[in-house]
Amino acid sequence: TKADLGFVTGDLISSAGDPLDQCLNELRCLKVALGLFGCHGNHEIYADAEDYVTAAGAAFGLRYLRNQAVTVPYNGKDVRIAGVDYQPRWRKYLQRTQPLVLP
């Protein structure tokens, strides 16, 4: 069965030097009808790999929503999908994200 939507919610690796490309190759196998979306976890940020993962994912259809949102049509309705990267505990959580929810 093919999923309609797919979500990758971060922490593809534990630290710099982990087999990131192998993980991305596994994610490449995911097949979804309406889109594959992601956001970064703290480990991509700590390893300074966010830009690389975002670009590598885009090459096979994984769209990272980095403080962004999209509207996807689904069964005659619009579904709003928002992505926010890892939020450190010392910052105010989900600050300035209201525009992502309501277009």
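Helices (H or I, at least four residues) and strands (E, at least two) are DSSP runs, numbered from the N terminus.

**Figure 1. Overall organisation of the predicted chain.** The model shown is predicted. By the assignment above, the chain holds 4 helices and 5 strands. Read from the N terminus, these elements follow the order β-α-β-α-α-β-β-β-α. The radius of gyration is 14 Å, close to the 13 Å that the globule rule gives for 103 residues, so the chain is as compact as a globular protein of that length. Along the principal axes, the C-alpha atoms occupy a box of roughly 45 × 35 × 20 Å. Of the 103 residues in the chain, 36% are buried. Among contacts with a separation of 6 or more, 63% are between residues 24 or more positions apart. The exposed surface of the chain amounts to about 6900 Å², and carbon and sulfur atoms supply 51% of this area.

**Figure 2. The largest nonpolar core and its contributing elements.** This core comprises 15 residues. Those with the most contacts inside it are Val-8, Leu-12, Leu-20, Leu-24, Leu-27, Val-53 and Leu-62. Two or more residues come from each of helix H1 (20–27), helix H3 (50–58) and strand S3 (62–64). H1 gives the most, with 4 residues.

**Figure 3. Surroundings of Leu-62, and a second core.** When residues up to four places away in sequence are not counted, Leu-62 touches Val-8, Leu-27, Leu-36, Phe-37, Gly-38 and Gly-57. A second, separate core of 5 residues includes Phe-37, Leu-65, Val-70 and Ile-81. Phe-37 thus appears both among the contacts of Leu-62 and in this second core.

**Figure 4. The hairpin of strands S4 and S5.** Strand S4 (residues 68–74) and strand S5 (residues 77–83) run antiparallel and are joined by 7 bridges. Within this pairing, Pro-73 stands opposite Asp-78 in S5. The hairpin has 2 residues between the strands, and Asn-75 takes a positive phi near 50°. Asp-78 also serves as a reference point for the helix H4 residue Val-101: the C-alpha atoms of Val-101 and Asp-78 are separated by 12 Å, with their positions 23 residues apart along the chain. Val-101 has a relative accessible area of 48% and is partly exposed.

**Figure 5. An edge-to-face pair of tyrosine rings.** The whole structure contains 2 aromatic pairs according to the search. In the pair of Tyr-46 and Tyr-86, the ring centres are 6.3 Å apart and the planes lie at 75°, so the arrangement is edge-to-face; planes over 60 degrees apart fall in this class. The pair links distant parts of the chain, as Tyr-46 is in helix H2 (residues 42–46) and Tyr-86 is in the loop between S5 and helix H4 (98–101), 40 residues apart. Tyr-46 is exposed, with a relative accessible area of 57%, whereas Tyr-86, at 29% relative accessibility, counts as partly exposed.

**Figure 6. The buried residue Glu-50.** Glu-50 lies in helix H3. The relative accessible area of Glu-50 is 14%, so this residue is buried; the class requires a value under 20%. Setting aside residues up to four places away in sequence, Glu-50 touches His-40, Glu-44, Ile-45 and Arg-66.

**Figure 7. Two aspartates with positive phi.** Most residues other than glycine have a negative phi. Asp-11, which is not a glycine, has a positive phi of about 60°. This aspartate lies in the loop between strand S1 (6–8) and H1. At 37% relative accessibility, Asp-11 counts as partly exposed. For Asp-48, also a residue other than glycine, phi is positive and near 55°. Asp-48 is found in the loop between H2 and H3. With a relative accessible area of 65%, Asp-48 is exposed, since values over 50% fall in that class.

How values were computed. Residues numbered from 1 in each chain as written. Predicted model: local features only at pLDDT ≥ 70, side-chain atom pairs only at ≥ 80, totals over all residues. Heavy atoms only, no water. Core = buried A, V, L, I, M, F, W, Y, C linked by side-chain atoms within 4.5 Å. Buried < 20%, exposed > 50% of the residue type's maximum accessible area, 1.4 Å probe, protein only. Contact = heavy atoms within 4.5 Å. Pairing = 2+ DSSP bridges. Phe/Tyr/Trp six-rings, centres within 6.5 Å; stacked < 30°, edge-to-face > 60°. Rg over C-alpha atoms; globule rule 2.2 N^0.38 Å. Areas by Shrake-Rupley, 256 points an atom, 1.4 Å probe, with all protein chains shown as cover.
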